Amino acid sequence: MSTILDTKTLYSALQDKLGLTWISGRELQDNPIHTSNDDGMETSLVGHLNLISQHRIQILGKQELDYLDSLKKNSRNDALNQLFSGMSRLIIVTRDLDAPEYLRAAATEKPTPLLSASVQSEDAIQILHHYLTSYFAKNITLHGVFMEVMGT
């Protein structure tokens, strides 16, 4: 049986811990971010902006937004086309930074949920890694009536 994680589930679970708010794409909250039987194990689930080896959840902090702002229009459009090519299923802007209009427009044009988080990028990645590891972990329940622990 496969486990499916959608944006709505992640948002509900981590809204308080990450200080999540919607920027755009709330109507896409039922779209899957990842399923446990995805063959793309080489795809990382969460990390900083990476246009070469994209993550399912891309984290954009001040450095990443400054990088995008520093690009000329054509280069920025190329970067945004790569970012919103379909591999990334969720974009999170951290530190309550304002998402630039070009980022909002791209998220709307290529339907991708865009969220804001109040925490630092590193904290967001750490919390998301922990949550995703727990969410997709295989669980086994065993019933024990008699146990011996360290000879007792």
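**Exercise 1. Where is Asp 96 found, and what sign does its phi have?**

The model is predicted, so local features need pLDDT of at least 70 and side-chain atom pairs count only at pLDDT 80 or more, while totals for chains, interfaces and linings use all residues. Residues are numbered from 1 along each chain as its sequence is written, and side-chain values use heavy atoms, with hydrogens and water left out.

Step 1. Asp 96 belongs to the loop between strand 6 and helix 4. Helices (H or I, at least four residues) and strands (E, at least two) are DSSP runs, numbered from the N terminus.

Step 2. Its phi is near 55°, a positive value in a residue other than glycine. Most residues other than glycine have a negative phi.

Step 3. With a relative accessible area of 48%, Asp 96 is partly exposed. Buried means under 20% relative accessible area, exposed over 50%, and partly exposed in between (1.4 Å probe, protein chains only).

Step 4. Arg 95 is in the loop between strand 6 and helix 4. Its phi is positive, about 60°, although Arg 95 is not a glycine. Arg 95 counts as partly exposed, at 37% relative accessibility.

**Exercise 2. Describe the sheet and the helices that lie across its strands.**

Step 1. The sheet is open and is formed by five strands in the order 2-7-6-5-4, with mixed pairing. Two strands pair if DSSP finds at least two bridges between them.

Step 2. Strand 2 (21-24) and strand 4 (46-48) are the edge strands, each pairing on one side only. Neighbouring strands of the sheet are turned against each other by 30° on average, direction ignored.

Step 3. Strand 2 and strand 7 (residues 114-116) run antiparallel and are joined by three bridges. In this pair, Thr 21 stands opposite Ser 116.

Step 4. Helix 1 (residues 7-18) lies across strand 2, strand 5 (57-60), strand 6 (90-93) and strand 7, at about 145° to strand 2. Helix 4 (residues 101-109) lies across strand 2, strand 5, strand 6 and strand 7, and runs at about 80° to strand 2. Axes are lines fitted to C-alpha atoms, for helices over the stretch in contact (heavy atoms within 4.5 Å). Angles run from 0 to 180 degrees between N-to-C directions.

**Exercise 3. Which elements give two or more residues to the largest nonpolar core?**

Step 1. A nonpolar core is a set of buried Ala, Val, Leu, Ile, Met, Phe, Trp, Tyr and Cys residues joined through side-chain atoms within 4.5 Å. The largest one has 22 residues, and those touching the most other members are Leu 10, Leu 18, Leu 20, Ile 57, Ile 92, Leu 128 and Leu 132.

Step 2. The contributing elements are helix 1, strand 5, strand 6 and helix 5 (121-136). Helix 5 provides the largest share, six residues.

Step 3. Beyond its neighbours within four places in sequence, Ile 92 is in contact with residues including Leu 20, Ile 57, Leu 115 and Leu 128.

Step 4. Another core, of 18 residues, lies apart from this one; Leu 65, Phe 84, Val 93 and Leu 103 are among its members.

**Exercise 4. How many salt bridges are there, and which charged residue is buried yet has none?**

Step 1. A salt bridge is a side-chain nitrogen of Lys or Arg within 4 Å of a carboxyl oxygen of Asp or Glu. By this rule, the count is two.

Step 2. In one of them, Lys 8 pairs with Asp 30, their closest N and O atoms being 2.9 Å apart. Lys 8 lies in helix 1 and Asp 30 in the loop between strand 2 and strand 3 (32-35), so the pair ties together parts that are 22 residues apart in sequence.

Step 3. Asp 66 and Lys 62 also form a salt bridge, at 3.1 Å from N to O. Both lie in helix 2 (residues 62-70), four residues apart, about one turn of the helix.

Step 4. Arg 76, in helix 3 (residues 73-83), is buried yet has no salt bridge. The nearest side chain of opposite charge, that of Asp 69, is 4.9 Å away. For charge, Lys and Arg count as positive and Asp and Glu as negative, while His and the chain ends are not counted. Setting aside residues up to four places away in sequence, Arg 76 touches Leu 68, Asp 69, Leu 71 and Tyr 102.
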